[in-house]
Amino acid sequence: MANRLIRQSNFVSFDGTVSTTTAHQRPDRYRHMESIEKQMPRIARGGGYSYSAASFRENTLVQEMILFNRLLEFDPHQLTIKVESGVRLGDLLTWAIKRKLYFPVIPGYPLITIGGCVAADVHGKNPYRDGTFSDWVKELTVFHPESGYHVISPTVSTELFSSTCGGFGLTGIITDVTLQLVQLPANHVVTSRRLIQSLGAAVESISCSEDDFCYSWHDGSPGAQFGRGIVFSGRWGRNESSDIVLPTRYMTAESRGRLPFSLWNAVTARIANSAFFLRSKFDARSSEQNVLAVSFPFVFNTFYHKSFGRPGFREAQILISKERIATFLDSLEKLVAATKPPTIMISLKQFRGQQKSLSMTGMGYLVAVDCFQNSGTTKFFDQLDELTISDKGQPNLTKDSRLPRDVAESSIRHYHEFSGFLSKYDTSRLFRSELSARIGL
């Protein structure tokens, strides 16, 4: 029976830079998942929106969990909900909003699954205030073919819990998750924008913000305009109407890269950034948006990602401490000026994380850098790695599809602790991915 459920499928990272064809199973019940030969290498997959290849690898069974998508139990007194790991964020949020409830940590796309959010320990619109996804996980179940099901929490099997949250699926298959919800403050968010002229000015503005959401966008293309940008902030509004619904068709890794060539180059990046900045001068300084639109902004504007086409793009997200952020940004600006890399966009937000796994840990500023692909891309990221290490930064593995082992070992705070735990817990090393192989795990 298991063989009839396995087929060969092609998988590609969302940034379009890694792909492979390998065995693929989409179980919709526990016995399908359990029927696979125990010693068969495998990895779980959710919605497939990781930029890094965290959910597939050559000669490894991909167990795609999107049919494990049931809401299992809701406690109206504690405001907790137990869901299967394949439940999508958009479905959870739509269900919650109808009941005047909300989940505080929402990454940017509605088809990301709850299991994927746990595995990457994702962050949302205000990680400095809300922390990361795992801070709102009350309990979860993880399956390992050699040891069975483990129900774990922050107080039960704490080492396994900490390693699973932000462990990128390397501890086993997450089957269900219990989440803490909160009361929905409003159906709308009042968003505002402030034009700024440098990365440093954004840090000052974000540091002083007491808004519910706050982050910045910057022109990352080399030249005199580098660093100018916009600080976006938002507060819960009073409009109780709900007139925006999520679309029925979504961007996937395959549809994102459907264009055979990239529209981005040095000229188009400069023109697009200038147009966006200039338009913002004349737009209203504040507006009111439906909570779904604020939670999933890329759903309603896919042009940016689709314009990279089949060649794909590269992104790095780096956590830099408050003490080193000024030095890091100054060095980044000098690096861009000296090398003129294919950078398009830079973004900043404050961050707080506390897991002891492969996810980012500590407080500081999250710096995101997006690049299109050309002959200078690899060289720029190599130099950015050196800058990250020198300023004791931490990379976000889910956003970086090329981070090498030596950089991971040097910059991921709990790398060696996590590696040691895996050696004891998964002695057969059944769970593997391109990401784990690339960083030496």
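Which residue in strand 15 stands opposite histidine 188? The residue is asparagine 290. This pair belongs to a predicted model, and the report below moves from the whole chain to the sheet that holds the pair, then to one strand, one residue and one helix.

**The chain as a whole**

The chain contains 15 helices and 19 strands. Its radius of gyration is 21 Å, which agrees with the value near 22 Å for a compact globule of 441 residues. Along the principal axes, the C-alpha atoms fill a box of roughly 60 × 50 × 40 Å. Of the 441 residues, 58% count as buried. Among contacts with a separation of 6 or more, 74% join residues 24 or more positions apart. The exposed area is about 18,500 Å², and carbon and sulfur atoms supply 51% of that area. The chain carries 50 positive and 42 negative charges, and the mean positions of the two sets are 4 Å apart.

**The eight-stranded sheet**

An open sheet is formed by eight strands in the order 15-12-14-13-17-18-16-19, with antiparallel pairing. Strand 15 (286-290) and strand 19 (394-395) are at the edges; each has a single partner strand, so one side of each is left without a neighbour in the sheet. Three of the pairings are set out here.

| Strand pair | Sense | Bridges |
|---|---|---|
| Strand 12 (residues 188-196) and strand 15 | antiparallel | five bridges |
| Strand 16 and strand 18 (residues 362-372) | antiparallel | eight bridges |
| Strand 16 and strand 19 | antiparallel | two bridges |

**Strand 16**

Strand 16 covers residues 313-320, and eight of its eight residues are buried. In a regular strand the side chains alternate between the two faces of the sheet. In strand 16, Phe313, Glu315, Gln317 and Leu319 point one way, while Arg314, Ala316, Ile318 and Ile320 point the other way. Both sets are buried. Two of these residues can be followed into the neighbouring strands. Alanine 316 stands opposite valine 369 in strand 18. Leucine 319 has glutamine 394 in strand 19 as its bridge partner.

**Valine 369**

Is valine 369, the residue opposite alanine 316, buried or exposed? Valine 369 has a relative accessible area of 1%; buried means under 20%, so this residue is buried. Leaving aside residues up to four places away in sequence, valine 369 touches Arg314, Glu315 and Ala316, as well as Leu332, Thr343, Met345, Ile346 and Phe380. Valine 369 and glycine 220 are 149 residues apart in sequence, yet their C-alpha atoms are 7.7 Å apart in space.

**Helix 2**

Helix 2 spans residues 89-98 and is mostly covered, with seven of its ten residues buried. The buried residues are Leu89, Gly90, Leu92, Leu93, Trp95, Ala96 and Ile97. What do the buried residues of helix 2 pack against? Their partners include both strands and helices: strand 5 (71-75), strand 6 (80-84), strand 7 (101-102) and strand 10 (173-180), together with helix 3 (114-120) and helix 9 (291-295). After helix 2 comes lysine 100, whose phi is positive, near 60 degrees.

Conventions. Residues are numbered from 1 along each chain as its sequence is written. This is a predicted model: local features need pLDDT of at least 70, side-chain atom pairs count only at pLDDT 80 or more; totals for chains, interfaces and linings use all residues. Side-chain values use heavy atoms; hydrogens and water are left out. Helices (H or I, at least four residues) and strands (E, at least two) are DSSP runs, numbered from the N terminus. The radius of gyration is taken over C-alpha atoms; the globule rule is 2.2 Å times the number of residues to the power 0.38. Buried means under 20% relative accessible area, exposed over 50%, partly exposed in between (1.4 Å probe, protein chains only). Contact means heavy atoms within 4.5 Å. Accessible areas come from the Shrake-Rupley method with a 1.4 Å probe; for residues, only the protein chains shown count as cover. Lys and Arg count as positive and Asp and Glu as negative; His and the chain ends are not counted. The place of a charge is taken as NZ of Lys, CZ of Arg, CG of Asp or CD of Glu. Two strands pair if DSSP finds at least two bridges between them.
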